[in-house]
Amino acid sequence: MTKPPMLTAQQALDHLLSHAQSVTEIEKVAMQASLGRVLAENVSSLVDVPPLDNTSMDGYAVRTADTQNSGSTLRIAQRIPAGSMGTQLEPGTAARIFTGAPVPPGADAVVMQEDCTTDSEAGQVSINIVPTSGQWIRRRGEDLTAGKTALTAGTFLRPQELGVAASAGLTHLNVKRRVKVAAFFTGDELALPGEPLKPGGIYNSNRDTLLACLKSLGCDATDLGIVPDRLDATRAALRKASQDHDLIITSGGVSVGEEDHIKPAVTAEGRLDLWQIAIKPGKPLAFGAVRKSDEPKDGEAWFIGLPGNPVSSFVTFLLFVRPFILKLQGREAKQPQSYLMRADFDWLKADRRNEFLRVKLNDHGGLDLFPNQSSGVLTSASWGDGLVDCPPNQPIKSGDLVKYIPFDALLK
């Protein structure tokens, strides 16, 4: 029997995203509880920000009509700290003003104090420059305007978005509920850190890696632990995971060996496509759905099965699971930001698959390659700060420009 051709990474991703639909439930949460959530609707500002013209510098508010020449001397008529209101600035006078304070009526420029000479005894200030109208003044509403959109639906709320919402006068935000993801890990050889290793055993690194990835994306992640390499145990884990979750992720068991039970288990509990993807690391990927019950109206939980090798699991999560989750969250599942960077290494053994090489920026503006690119060497991902997306059959020579994707762009 002829094997079907391997899918490209883009073909696999397009298929995944064609199935993902955003969660619809909306929750109203307090500002500090909204970090890492996804905004469900556009947010309009309740106020102008800033509410009045104000100064961005400590200095003196002046009328440019009074300061046409360097060295103009003005009487200091008032003092305006932040939180206070000044009075009309009369001709021939200046107002001592502090950062954030409203500019008094009549003033049309602020001169920072470094450009002034103050005579405290005489109550005067000399303006040692010729200011321009509008200098160092932040205009009312230049950041936000009352009634206008401040944040748009689908925005992933970071600290800076919370600051914008607070400046707009908001105390609560309507957000999508968190995407609920269950994860379990197959393999009788696996043990949790802290447990004794039996002969032939290894510690399960994928558990902590993948759960941390899910949490970094703002998911509600449930750890269902290590599942024995038995068909009945795998089916039971799938049934449990499907009940209260939108997505089930597994690691391991997606090959076709006698001890790989994911394929028959998911097929029995739902439906499954098992793909061979033309990437390295991370060739096998399973996608499907698990029934929540025998009643069709109860729906399904999506299923994605990742390979067991730790780097393969990590890379396929970043390339396929992450954008799938973004779409479930109601976010834009766009390609991560990439940059053309200089390779300071040779990679001459080009593979027929699309390779994702672990690299790190060096002090010379180029990229260094981790020497061991095995899919079992997770330290390559810890040492590195990103991936080089190397097309099929393309060797890399030192000095070549390559497509670099930083991990920072793949973990948010």
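**Figure 1. Tryptophan 136 sits in the loop joining strand S9 (124-127) to strand S10 (137-138).** The model shown is predicted: local features need pLDDT of at least 70, side-chain atom pairs count only at pLDDT 80 or more, and totals for chains, interfaces and linings use all residues. Residues are numbered from 1 along each chain as its sequence is written, and side-chain values use heavy atoms, with hydrogens and water left out. Tryptophan 136 is not a glycine, yet its phi is positive, at about 60°. Its relative accessible area is 34%, so tryptophan 136 counts as partly exposed (buried is under 20% relative accessible area, exposed over 50%, partly exposed in between; 1.4 Å probe, protein chains only). Strands here are DSSP runs of E with at least two residues, helices are runs of H or I with at least four, and both are numbered from the N terminus.

**Figure 2. Asparagine 393 also has a positive phi.** The value is about 60°, and asparagine 393 is not a glycine. Its loop runs between strand S25 (386-390) and strand S26 (401-406). With a relative accessible area of 55%, asparagine 393 is exposed.

**Figure 3. Two cis peptide bonds lead into prolines.** One runs from valine 49 to proline 50, with omega near -5°. Proline 50 belongs to the loop between strand S2 (43-44) and strand S3 (54-55). The other runs from lysine 280 to proline 281, with omega near 5°. Proline 281 falls in the loop between strand S19 (279-280) and strand S20 (284-291).

**Figure 4. Aspartate 229 is buried and has no salt bridge.** A salt bridge places a side-chain nitrogen of Lys or Arg within 4 Å of a carboxyl oxygen of Asp or Glu. Lysine 198 carries the nearest side chain of opposite charge, and it is 8.2 Å away from aspartate 229. For charge, Lys and Arg count as positive and Asp and Glu as negative; His and the chain ends are not counted. A polar atom of the aspartate 229 side chain does lie 3.4 Å from the backbone nitrogen of glycine 187. Polar contacts are pairs of N or O atoms within 3.5 Å; within protein, one atom must be able to donate a hydrogen and the other to accept it, and residues adjacent in sequence count only if both atoms are side-chain atoms. The loop that holds aspartate 229 connects strand S16 (220-227) and helix H4 (231-243).

**Figure 5. Arginine 230 and aspartate 232 form a salt bridge.** Their closest N and O atoms are 3.1 Å apart. Arginine 230 is partly exposed, at 43% relative accessible area. Aspartate 232 is partly exposed too, at 47%.

**Figure 6. Arginine 342 pairs with aspartate 344, and arginine 353 with aspartate 351.** The salt bridge of aspartate 344 and arginine 342 has its closest N and O atoms 2.7 Å apart. Aspartate 344 has a relative accessible area of 27%, so it is partly exposed. Arginine 342 is partly exposed as well, at 29%. In the salt bridge of arginine 353 and aspartate 351, the closest N and O atoms are 3.4 Å apart. Arginine 353 and aspartate 351 are both buried.

**Figure 7. Salt bridges link Glu25, Arg177 and Asp246 in a network.** How many salt bridges does a search of the whole structure find? The search finds 18.

**Figure 8. Helix H6 (residues 310-329) packs with helix H1 (residues 9-19).** The H1 and H6 axes are 10 Å apart, at an angle of about 25°. Axes are lines fitted to C-alpha atoms, for helices over the stretch in contact, and angles run from 0 to 180 degrees between N-to-C directions. H1 and H6 are therefore roughly parallel (under 35 degrees; over 145 is roughly antiparallel, 65 to 115 roughly perpendicular and the rest oblique). H1 passes H6 in a right-handed crossing: the near helix is turned clockwise from the far one by less than a right angle, while an anticlockwise turn makes a crossing left-handed.

**Figure 9. Helix H3 (residues 205-216) crosses H6 at roughly 25°.** The H3 and H6 axes come within 11 Å. H3 and H6 are therefore roughly parallel to each other. Their crossing is right-handed.

**Figure 10. Aspartate 273 lies in strand S18 (residues 270-276).** Its relative accessibility is 35%, so aspartate 273 counts as partly exposed. Aspartate 273 and lysine 148 are 125 residues apart along the chain. Their C-alpha atoms are separated by 46 Å.
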